[in-house]
Structures are given as structure tokens and as C-alpha cells.
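Reader: Could you take me on a close look at one part of this structure? I would like to see how the sheets, the helices packed on them and the salt bridges fit into one picture.

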Amino acid sequence: MGELGLYPPRHRVARKAVLWWTLREVIGAVVPLAAGLVVFAFVESSRSWLGPLLIALAIIDVVHAAVVPSLRYRVHRWEATDDAVYALSGWLVREWRVAPLSRIQTVDATRGPLQRLLGLATVTVTTASASGPVELVALPDAEATEVAARLTAIVGRTAGDAT
């Protein structure tokens, strides 16, 4: 096996990842804002402080949803070679992960409701690492299926006990 290095992976996630991350941000913001609006509507004594707080929270949520998904898209990368799986993620705290194929225990492809709607999937590569799995997020669905199948086949042929 060749020498594994820590380098930025070659492949970007799917462009639809920006929409997926934006929708997740918006959905995550709607619940607390809606709860705050219910309290605002029915608890008159809270209106003097809750109104400005809800406005500030809404502004923060809109800016966050407008900016962060594009930043994440610019940073997130992945690559799956015959030797390892590489992932680069994070827009504020950047994380490079490398999982040698000899250490891989399972390979899973998952598709949540929004991912299915947008034709995306996440490939999760689990190792014995205490740092958790390596995730290749927001891949086009067909590509995720191909990557998961290819990794599974390679891992099946790789000597070692994956521990």
C-alpha cells in the first residue's frame, strides 16, 4: 500500500448541497421562531422584550442561512482512492480526515428526506477510530451508490482486521 498523506481531497460535493444546507438551516430556525411567536401572541407581558429578541434572531437566522451554506460548499471536499477515504469539512473549524481502507469496518449510504428530494446522499465510512466515521456528505445519489459499492468491494479484498 502506498503512503497515505493529508492533502485536500479532489472532489467537491454536489452543487445542490448549498440548497440542502440552506433548507436545513431554515427548517432549524423556523421551530424556535414559531415557538417565540406563539409566546409573543399569547403572553402579553413578554412582548416588550420578546419582540426585539425575535427580530434579532430572525435577522441572524437569515444571514446564517444566506452565508454559511456557500462557505461550506467552498470548503467541503472528498476523495476515495484504492488506499484511503479522504474528507475535508468545516467552514469555521476545518477538519481533514483520512481513513485507510484496511481500517474500514462498514460503508453506508444514507439519504434523508431532503437529500432524496434533491437527489443527494451521504456515504458514511466507519472505522475503529475514536474520532468517529468519515462522512462524504452531499454526493449526487448515483455517485454515492457507486462510491459505496466500490469501497465495499475494495475493503472486502483488503487484508487486515479493520481494527
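Author: Happy to, and here is a walk through the two sheets, their helices and the charged pairs around them. Please keep in mind that this is a predicted model.

Let's begin with the sheet of 4 strands. It is open, its order is β1-β2-β3-β4, and the pairing is antiparallel. The edges belong to β1 (11–12) and β4 (95–100); each has a single partner strand, so one side of each is left without a neighbour in the sheet. Further in, β2 (residues 77–80) and β3 (residues 84–89) pair in the antiparallel sense through 4 bridges. If you want a position to look at there, take R77, whose bridge partner in β3 is L88. Two helices pack on this sheet. One is α2, which touches β1, β2 and β3 and makes an angle of about 35° with the direction of β2. Another is α4 (residues 141–157), which touches β2 and β3, with its direction at about 40° to that of β2.

Now for the charges, where the structure holds 4 salt bridges. One of them joins E79 and R10, with the closest N and O atoms 3.1 Å apart. E79 sits in strand β2 while R10 sits in the segment before β1, so this pair ties together parts that are 69 residues apart in sequence. Is E79 buried or exposed? E79 counts as buried because its relative accessibility is 5%, below the 20% cut-off. R10, on the other hand, counts as exposed at 60% relative accessibility.

A second salt bridge takes us back to the helix α4: here the side chains of R150 and D82 meet at 3.7 Å, N to O. R150 belongs to helix α4 and D82 to the loop between β2 and β3, so to speak two distant parts of the chain, 68 residues apart, are linked by the pair. R150 is partly exposed, with a relative accessible area of 27%, whereas D82 counts as exposed at 55%.

Helix α4 also takes part in the salt bridge between R111 and D141, whose closest N and O atoms are 2.2 Å apart. R111 is found in the loop between β5 (104–110) and α3 (113–118), and D141 in helix α4, so parts 30 residues apart in sequence are tied together. R111 is partly exposed at 29% relative accessible area, and D141 is partly exposed at 30%. In addition, D82, E146 and R150 are joined into one network by salt bridges that share partners.

From β5 we can step over to the other sheet. This open sheet of 3 strands has the order β5-β6-β7 and antiparallel pairing. Here β5 and β7 (134–140) stand at the edges with a single partner strand each, so one side of each has no neighbour in the sheet. From one strand to the next, the twist averages 15°. Strands β6 (residues 120–127) and β7 run antiparallel and are joined by 5 bridges, and V123 stands opposite L136 in β7. Helix α4 appears again, lying across β5, β6 and β7 at about 140° to β7. Helix α1 lies across β6 and β7, running at about 110° to β7.

To finish, look around the end of α1. V38, V39, F42 and V43 make a nonpolar surface patch of about 370 Å². V43 is in the loop between α1 (17–42) and α2 (47–75), and is partly exposed with a relative accessible area of 35%.

Key:
Residues numbered from 1 in each chain as written. Predicted model: local features only at pLDDT ≥ 70, side-chain atom pairs only at ≥ 80, totals over all residues. Heavy atoms only, no water. Patch = residues over 30% accessible without salt bridge, like charges linked within 9 Å, V, L, I, M, F, W, Y side chains within 5 Å. Areas by Shrake-Rupley, 256 points an atom, 1.4 Å probe, with all protein chains shown as cover. Buried < 20%, exposed > 50% of the residue type's maximum accessible area, 1.4 Å probe, protein only. Pairing = 2+ DSSP bridges. Contact = heavy atoms within 4.5 Å. Axes fitted to C-alpha atoms, helices over the stretch in contact; angles between N-to-C directions.
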